Amino acid sequence: VTIGTMASSLCKACVVDQEPYGRSLQLTEPVAAGDDIVVEAPFIILSMRFRRCDAVFYKEAYADLNNQQLEFVKNLIPRCQQDGDPVSKQLSAEEDHFRRAIHINGHSFGGGTTDQTALFEHISMATHSCESNSYYTSSATVGISRLVATRDLQVGDLVTISYISGASGGLPLWPRWKRQEFLQETFSFTCLCSRCLKEQDVKASVNSRFLTKAYSELEASLRDMHRFLTMVPRHLDKCRAASLSDDGPFHLHRAWRLLHVFHISYYHQTPDGDVHLAPALEALGEMCALLPEGADVLSDCGLICAVFTTGARVAALRPATATAPVLHGLWRRVGGLVHDCWGPQDPEYQELCKFFPKHGSRPSHAELTEAFRAVRPCAQCGVAGLLQCGRCRRLRYCSAACQRRHWERHKHCCVKAS
């Protein structure tokens, strides 16, 4: 257990008791989308490195707490009183309360890349909502975490975040049954947010359950390139054919997300990975296009930020990579999103600014979709390209050299665009 300081460098909210959530976070001043609501250091940090989260772990961690930390944990009220974890039977009531507080109110500290979990004086009080108005981000290097507003908020509004991981910005597409299923299985509580209360309690259709199972099988094949690339086109076709009553957009968004994860991994890890960037960006564009018009671009931009950090690593590993121009062009259009998501003081953002040129302001949902859809594979070599044939405007190229080499084949079917 690492002892932090119960102090916030910025806090525009206070802790209140709010039914049916219990202790919650309420705004004390208005904030605009992209503004910080809370900036603070963790009060308690648990390191999970080389440790099993068993009864011995929680007993030792609880025994290490000082009086101030014990009082803080005591006042945390996890949303589930019992979660069925067999570990709880080996713990005292106080130790089990601490375990549930860590599980439900804790946040990964270090941007999800570390094995640390933290509790905060204010951030840990933000309750879950399926239409959340803020998101959490952290930097272990700087030693702080932030709650950032995803839309304009007023005094008195409750600050909410999403407990649902892996949505990648697609939470507006998640059906009620899937959200409730995830929260019950992961956190053992039933969501009572305004979205869940106003939506009908409709069970998953047979086809929707079938697509959910197919997704799990596809996810299990991620490390087998041949099997994955054989399965994914069929799965995408089935998702496209699924109706709204079969949760088609939800399943299609998850399929595109998986395809993006696959290609961005191979882009980074394989010597000839440059050809994987274009399909990775295409998948991001399709994911954005599925979201409702005007969707919050800040709600879950982790995959977008990862494109640029991965691109910078690839450039360091393979200086001759042909993808740098595309990423530079993309950064100019959407880099403002990374700025607002991570903050100007974040070390990773500052490193990206050394590698990429200056960027504009945060893009809208439509601008974000257009930026990713503008990237297509080069018609000559397959590497991501932004240059287009000036005559037909259909084909993309990664460089003028590739365009010249491809002209001998393309000139026979190049028709001037109307």
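Hi everyone, this is a short walk through one predicted protein model, from the overall fold down to a few single residues.

Some ground rules before we start. The model is predicted, so local features need pLDDT of at least 70 and side-chain atom pairs count only at pLDDT 80 or more, while totals for chains, interfaces and linings use all residues. Residues are numbered from 1 along each chain as its sequence is written, and side-chain values use heavy atoms, with hydrogens and water left out.

Let's begin with the whole protein. It has 14 helices and 16 strands; helices (H or I, at least four residues) and strands (E, at least two) are DSSP runs, numbered from the N terminus. Along the principal axes, the C-alpha atoms fill a box of roughly 75 × 50 × 45 Å. For 418 residues, a compact globule would have a radius of gyration near 22 Å, and the protein has 23 Å, which agrees. That radius is taken over C-alpha atoms, and the globule rule is 2.2 Å times the number of residues to the power 0.38.

How much of the protein is buried? Of the 418 residues, 50% count as buried. Here buried means under 20% relative accessible area, exposed over 50%, and partly exposed in between, with a 1.4 Å probe and protein chains only. Contacts, meaning heavy atoms within 4.5 Å, often link distant parts of the sequence: among those with a separation of 6 or more, 67% come from residues 24 or more positions apart.

Now to the inside. A nonpolar core is a set of buried Ala, Val, Leu, Ile, Met, Phe, Trp, Tyr and Cys residues joined through side-chain atoms within 4.5 Å. The largest one has 58 residues, and Leu 25, Ile 37, Leu 147, Val 159 and Leu 183 touch the most other members. Apart from it lies another core, of 54 residues, among them Val 148, Ala 242, Leu 258 and Val 334.

Let's zoom in on Val 159. You'll find Val 159 in the loop between strand E11 (144–149) and strand E12 (160–161). Although it sits in a loop, Val 159 counts as buried because its relative accessibility is 0%. Leaving aside neighbours within four places in sequence, its contacts include Ala 13, Leu 25, Leu 27, Ile 37 and Leu 147. Val 159 and Gln 26 are 133 residues apart in sequence, yet 5.7 Å apart in space, C-alpha to C-alpha.

Two of those contacts take us to a hairpin. Strand E3 (residues 13–18) and strand E4 (residues 22–27) run antiparallel and are joined by 6 bridges; strands pair if DSSP finds at least two bridges between them. The hairpin has 3 residues between its strands, and Ala 13 has Leu 27 in E4 as its bridge partner.

E11 has a partner too. Strand E10 (residues 134–139) runs antiparallel to E11, with 6 bridges between them, and Ser 139 is bridged to Ile 144 in E11. Ser 134, Tyr 136 and Ser 138 point one way from E10, and Tyr 135, Thr 137 and Ser 139 the other way; all are buried.

Back in the loop between E11 and E12, we meet Asp 152. Is Asp 152 buried or exposed? Asp 152 counts as exposed, because its relative accessibility is 55%. Its C-alpha atom is separated by 4.2 Å from that of Ala 32, 120 residues away along the chain. The side chain of Asp 152 also reaches the backbone nitrogen of Ala 33 at 2.8 Å. A polar contact here is a pair of N or O atoms within 3.5 Å; within protein, one must be able to donate a hydrogen and the other to accept it, and residues adjacent in sequence count only if both atoms are side-chain atoms.

Gln 180 makes a similar link to a backbone nitrogen. Gln 180 lies in helix H4 (residues 176–187) and is buried, with a relative accessible area of 12%. A polar atom of its side chain lies 3.0 Å from the backbone nitrogen of Cys 191.

Last stop: helix H10 (302–317). Its buried residues include Leu 303, Val 307, Phe 308 and Val 314, and what covers them includes helix H8 (248–269) and helix H9 (277–290). Just past H10, in the loop before helix H11 (324–342), comes Arg 318. Arg 318 counts as buried, at 15% relative accessibility, and its contacts beyond four places in sequence include Tyr 267, His 268 and Asp 274.

Thanks for listening!
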